[in-house]
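Me: I would like a close look at the strands of this model, with the criteria behind each term stated. Please take the sheets one after the other, and keep anything else for the end.

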Amino acid sequence: MPQTQADSDAKQSLNKARAAAFELEEPENPYSHMAPSPLDYLPGAGLFRIGQPAQALIAIGAMLFFLVVALSKSFLFWGGLRSFLLSLALMAVSFKDFKDVFAADIIEFWVASLSCIAGFFGAWWLSIRDYRRKVAAGKQTRASMSLSQLAWRAFKKRTIAVVAMCVIAALYGVALLAPMLSPYDPNAQQDFIATALQPPGSALDCLFFKEAETQTIPLREGDDLASRLANALIAQNYALRLRGETERKLIVNSYRIESDNVVCKQGMREKTVPLSELKTNPDGSLVVEKRFYLMGTDQYGRDIFSRVIYGSRISLSIGFLVVAIAITLGMILGVVSGYFGGWVDNLIMRFVDVLIAFPSFFLILIIIASFGNSIYLIVLTISFTSWMGVSRLVRSQVLSLKEQEFIQAARALGLSNSRIIFKHLVPNSLTPVIIAATLRIGGIILTEAALSFLGLGVQPPTASWGNIINEGRDNLLNHWWISTFPGLAIVLTVVSFNLLGDGVRDALDPRQRE
């Protein structure tokens with residue numbers, strides 16, 4: 001009887017060992033029978049073949065989005081590319097001439113055009129890469145997955161976090177493509193007698209003069225290559241700033257034709273313009289364009305929808321840059337403090353304690369009020385007051401990790417301190433840092449919005465969500481839309497980042513995985 005019991009226990013142990021070995025062995029590839037096809041390199045075709053229609057539709061949808069944006073705003077798309085290429089050519093021929101004609105406001109058109117190209121071909125490449133990876137690897141078992149794959153698998157099960165990630169991706173896409181997605185110039189204040197304080201959904205008529213807008217930058221004299229490139233760049237940038245509408249415009253509430261004149265009504269005022277000065281169609285009718293204001297206009301006649309789109313560039317870029325700087329600074333000081341200990345640890349941690357003792361928002365106000373409020377100073381100031389929590393978090397991780405066996409083994413092998421820090425400690429401390437970064441961006445966006453609301457952030461006419469709300473604070477009852485829509489944009493962004501941070505935290509926590 002004892003012998004039988006021993007045999008039974010041995011068989012159970014052997015079965016468990018075989019099961020464990022089977023779990024860890026290379027999984028069977030369910031796509032091994034599929035023969036390669038040239039159609040697999042079409043967008044999403046390969047993913048459809050292996051039964052991944054959701055990923056295929058996402059890739060095709062992203063490509064169609066960038067294609068539609070480029071085609072619908074073809075003048076801005078090709079104009080941005082041409083301006084970028086002309087700038088590169090002029091920079092190579094004569095850097096001095098390039099500096100004389102270059103203006104920073106044209107970079108947004110370069111970014112939008114290049115983002116369309118990168119987004120279209122990037123979505124195509126990602127769909128092919130995902131298909132080839134799945135065909136090569138087959139269906140992975142849990143035992144064969146890496147830590148990042150397990151975290152991504154757990155993250156995808158959290159629907160709210162995935163939706164928040166998609167919203168954030170869409171917001172950053174809108175910020176990159178702002179010149180092409182905004183219907184009008186966000187700073188245009190033309191004919192504000194007619195356009196000022198129009199409610200959401202309003203539509204006005206726009207008439208065009210035959211006379212063109214005046215060119216602010218004179219063309220170069222000379223026939224050399226540098227002069228020709230400079231003149232071509234000046235003309236292209238001029239057309240881009242006016243979004244291709246180089247003629248003078250007249251925006252009116254209504255108009256009527258009386259004999260050889262056009263009587264235009266702008267608010268309570270009527271204005272008479274000779275018909276011969278306005279652009280007409282071949283049949284003799286006036287060239288009229290409807291101006292539709294989805295979110296209304298402010299007190300200067302500027303389109304709120306365009307300003308909210310442009311404001312996303314400031315708020316999202318400041319949030320990203322501040323987190324990147326604060327995380328980098330906090331990680332460096334946290335790792336150094338935790339690893340070396342002693343007087344280094346005491347010095348850094350007491351400095352952290354002093355900074356934490358100051359109310360961070362009032363410290364930001366003092367610095368900006370003393371030294372100015374440029375966007376670069378805002379980024380550096382908020383970064384300087386946001387790294388302390390990260391350094392404490394990283395320090396606690398390093399204090400625990402440096403006593404682990406693998407760090408002791410690295411020291412015994414004679415590895416340098418820098419290699420131990422960057423090769424072993426930093427990678428193993430990233431999990432709480434990633435969680436802190438995603439949760440921190442929302443708070444930073446709120447800080448920037450608060451500074452702009454108080455007039456200490458980004459200055460008008462540059463649009464940011466905070467200063468748009470500030471401009472509408474005196475009209476909250478009668479003209480609610482000026483502050484409401486940028487406020488909703490802030491709420492959507494902050495909530496999305498917080499939900500994304502919660503999802504990342506749960507996905508990276510082994511105790512939360514099923």
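Which residue in β6 does A203 stand opposite?

Reply: A203 stands opposite F292 in β6. The model is predicted, so local features need a pLDDT of at least 70 and side-chain atom pairs count only at pLDDT 80 or more, while totals for chains, interfaces and linings use all residues. Residues are numbered from 1 along each chain as its sequence is written, and side-chain values use heavy atoms, without hydrogens or water.

The pair just named belongs to the contact between strand β1 (residues 202-212) and β6, which run antiparallel and are joined over six bridges (strands are DSSP runs of E with at least two residues, helices runs of H or I with at least four, numbered from the N terminus; two strands pair if DSSP finds at least two bridges between them). β1 and β6 are part of an open sheet of three strands, ordered β2-β1-β6 and paired in the antiparallel sense. In this sheet β2 (247-252) and β6 (288-293) stand at the edges, and because each has a single partner strand, one side of each is left without a neighbour in the sheet. Direction ignored, its neighbouring strands are turned by 35° against each other on average (axes are lines fitted to C-alpha atoms, for helices over the stretch in contact, and angles between N-to-C directions run from 0 to 180 degrees).

A further open sheet is formed by three strands in the order β3-β4-β5, where the pairing is again antiparallel. Here β3 and β5 stand at the edges with a single partner strand each, so one side of each has no neighbour in the sheet; the average turn between neighbouring strands, direction ignored, is 25°.

Within this sheet, β3 (residues 254-258) and β4 (residues 261-266) pair antiparallel over five bridges. E258 stands opposite N261 in β4, and R256 has V263 of β4 as its bridge partner. The two strands form a hairpin with two residues between them, and S259 in the turn has a positive phi of about 60°. On to the next pair: β4 and β5 (residues 269-274) are antiparallel over six bridges, and V263 finds its bridge partner in T272 of β5. The hairpin of β4 and β5 also has two residues between the strands, and there G267 takes a positive phi near 65°.

Outside the sheets, two helical features may be added. The axes of helix α4 (residues 74-93) and helix α11 (residues 225-241) come within 9 Å and cross at roughly 150°, and the two helices are therefore roughly antiparallel to each other (the word covers angles over 145 degrees, with under 35 roughly parallel, 65 to 115 roughly perpendicular and the rest oblique). Finally, a search of the whole structure finds 15 aromatic pairs (rings of Phe, Tyr and Trp, the last by its six-membered ring, with centres within 6.5 Å; planes under 30 degrees apart are stacked, over 60 edge-to-face and the rest tilted). F120 and W124 form an edge-to-face pair, at 6.2 Å centre to centre and with 85° between the planes; because they are four residues apart in helix α6 (residues 107-137), F120 and W124 are separated by about one helical turn.
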